[in-house]
Amino acid sequence: MAGDLVERGGVRVTQIETTRRVKALVPFHQHAPHVVSMRFRRYAMLTIAFHSMARGNFMPAPYKVAVLVGSLRKKSFNRMLANALSELARPELSLDIVEIGALPFYNDDLEADAPAPWLAVRERLAAADAVLFVTPEYNRSVPAVLKNAVDVLSRPFGSSVLRGKPAAVVSASPGAMGGFGASHHLRQSLVCLGVNVMASPEAYVGNVTALFDDNGALNHAATTEFLKRFVGAFHAWIARLSKS
Ligand SMILES: Cc1cc2nc3c(=O)[nH]c(=O)nc-3n(C[C@H](O)[C@H](O)[C@H](O)COP(=O)(O)O)c2cc1C
């Protein structure tokens with residue numbers, strides 16, 4: 001976004017500054033036809049971007065994170081949490097909820113002519129740099145809708161779009177244990193699927209009903225600080241795995 005400020009290696013650069021530097025170059029070509037000027041402008045932009053990158057002085061594109069929410073409720077606290085995480089993760093991470101409520105139950109017989117919602121969700125996940133799971137706990141385990149999504153994404157055998165992806169799990173509950181059981185049942189499946197789940201920090205958000213205002217906005221300072229640290233660690237985790 002224009003005016004956004006980035007700090008890399010102690011040097012600060014803003015989008016506005018880049019634009020100013022391009023404009024400063026343009027007058028040399030004021031005599032040229034418009035099309036030449038536009039070409040020159042594009043060339044100047046690319047040159048500056050190249051030199052900025054060479055100096056390590058640029059704003060990298062955010063990592064694309066597919067978010068799977070384990071609740072279908074309109075007023076789901078986990079969805080509120082996912083939205084709050086999305087706000088806190090910017091600009092390094094771009095969080096995007098992938099809807100999983102309309103996925104037909106996994107059935108191997110359907111693979112020969114796989115249902116369109118399966119293909120769509122597999123495509124979304126394949127295009128993502130990482131996955132974030134935000135889930136309630138149902139009967140000390142993973143809600144069926146989320147387990148079904150994991151099953152759909154893990155197949156066909158040998159073509160799982162989850163394999164090797166950096167991932168993190170956040171669970172939340174009105175209870176004090178914050179969905180600990182769901183988080184670990186989910187981790188069990190993810191480990192078996194070769195998903196690179198961030199081990200720590202762990203995030204079990206307890207007493208979740210007390211953390212949001214009537215508009216669904218997070219209004220609890222300590223939780224906000226904790227979640228900021230969590231998304232910071234997740235960003236570092238994704239960056240580390242993306243380099244290797
Ligand atoms: C079928 C079912 C089972 C539940 N089991 C648990 C449980 O094991 N542990 C827990 O902390 N909460 C449990 N709950 C309560 C949920 O944590 C609570 O409804 C929560 O708000 C659901 O998340 P959501 O607000 O994102 O929909 C259960 C709720 C349902 C509907």
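Q: Is R90 buried, partly exposed or exposed?
A: In this predicted model, R90 is placed in the loop between α3 and β4 (93–97). A residue counts as buried with 20 or more other C-beta atoms within 10 Å, and as exposed with 12 or fewer. R90 has 13 other C-beta atoms within 10 Å, and is therefore partly exposed.

Q: Which residue is joined to R90 by a cis peptide bond?
A: The bond in question has an omega of about 0 degrees. The partner of R90 lies, in the loop between α3 and β4, at position 91. The residue joined to R90 by the cis peptide bond is P91.

Q: What is the C-alpha to C-alpha distance between R90 and Y63?
A: R90 and Y63 are 27 residues apart in sequence. In space, C-alpha to C-alpha, their separation is 9.8 Å.

Q: Which residue does a cis peptide bond join to R155?
A: Omega for this bond is about 0 degrees. The partner of R155 is located in the loop between α5 and β6 (166–172). The residue joined to R155 is P156.

Q: Is L211 buried or exposed?
A: L211 occupies the loop between β8 (203–205) and α7 (221–243). Apart from neighbours within four places in sequence, L211 contacts L218, H220 and T223. The threshold for burial is 20 or more other C-beta atoms within 10 Å. L211 has 21 such atoms, so L211 is buried.

Q: What distance separates the C-alpha atoms of L211 and L81?
A: Along the chain, L211 and L81 are 130 residues apart. Their C-alpha atoms are nevertheless separated by 9.3 Å.

Q: Are α4 and α5 roughly parallel or roughly perpendicular to each other?
A: Helix α4 (residues 116–127) and helix α5 (residues 144–153) pack with their axes 10 Å apart and at an angle of about 80 degrees. Angles of 65 to 115 degrees count as roughly perpendicular. The two helices, α4 and α5, are therefore roughly perpendicular.

Q: How many nonpolar residues does the contact of α4 with α5 have?
A: Helix α4 contributes W118, V121, R122 and L125, while α5 contributes A149, V152 and L153. By class, this contact has no polar and one charged residues. The number of nonpolar residues is six.

Q: Which helix supplies the largest share of the largest nonpolar core?
A: This core has 49 residues, of which V65, V67, L81, V131, L132 and A167 touch the most other members. L132 touches V65, V67, L95, A167 and A168, leaving out residues up to four places away in sequence. The largest share of the core, seven residues, comes from residues 77–89, which form helix α3.

Q: How many charged residues does the shell around the ligand have?
A: There are 14 residues around the ligand, and S71, S76, N78, P136 and S173 come nearest. By class, the shell has four nonpolar and seven polar residues. The number of charged residues is three.

Q: Is N139 buried or exposed?
A: N139 is in the loop between β5 (130–135) and α5. Although N139 is not a glycine, its phi is positive, at about 50 degrees. With 12 or fewer C-beta neighbours within 10 Å a residue counts as exposed. N139 has 8 C-beta neighbours inside 10 Å, so N139 counts as exposed.

Q: What is the phi of R140?
A: R140 lies in the loop between β5 and α5. R140 is exposed, with 12 other C-beta atoms within 10 Å. R140 is not a glycine, yet its phi is positive, at about 65 degrees.

Technical notes
Residues are numbered from 1 along each chain as its sequence is written. This is a predicted model: local features need pLDDT of at least 70, side-chain atom pairs count only at pLDDT 80 or more; totals for chains, interfaces and linings use all residues. A residue is near a molecule or strand if its C-beta atom, placed from the backbone, lies within 6 Å of it. Ala, Val, Leu, Ile, Met, Phe, Trp, Tyr, Cys and Pro count as nonpolar, Asp, Glu, Lys and Arg as charged, and the others, Gly among them, as polar. Axes are lines fitted to C-alpha atoms, for helices over the stretch in contact, and angles run from 0 to 180 degrees between N-to-C directions. Helices (H or I, at least four residues) and strands (E, at least two) are DSSP runs, numbered from the N terminus. Angles under 35 degrees count as roughly parallel, over 145 as roughly antiparallel, 65 to 115 as roughly perpendicular and the rest as oblique. Two residues are in contact if their C-beta atoms, placed from the backbone, lie within 7 Å. A nonpolar core is a set of buried Ala, Val, Leu, Ile, Met, Phe, Trp, Tyr and Cys residues joined through C-beta atoms within 7 Å.
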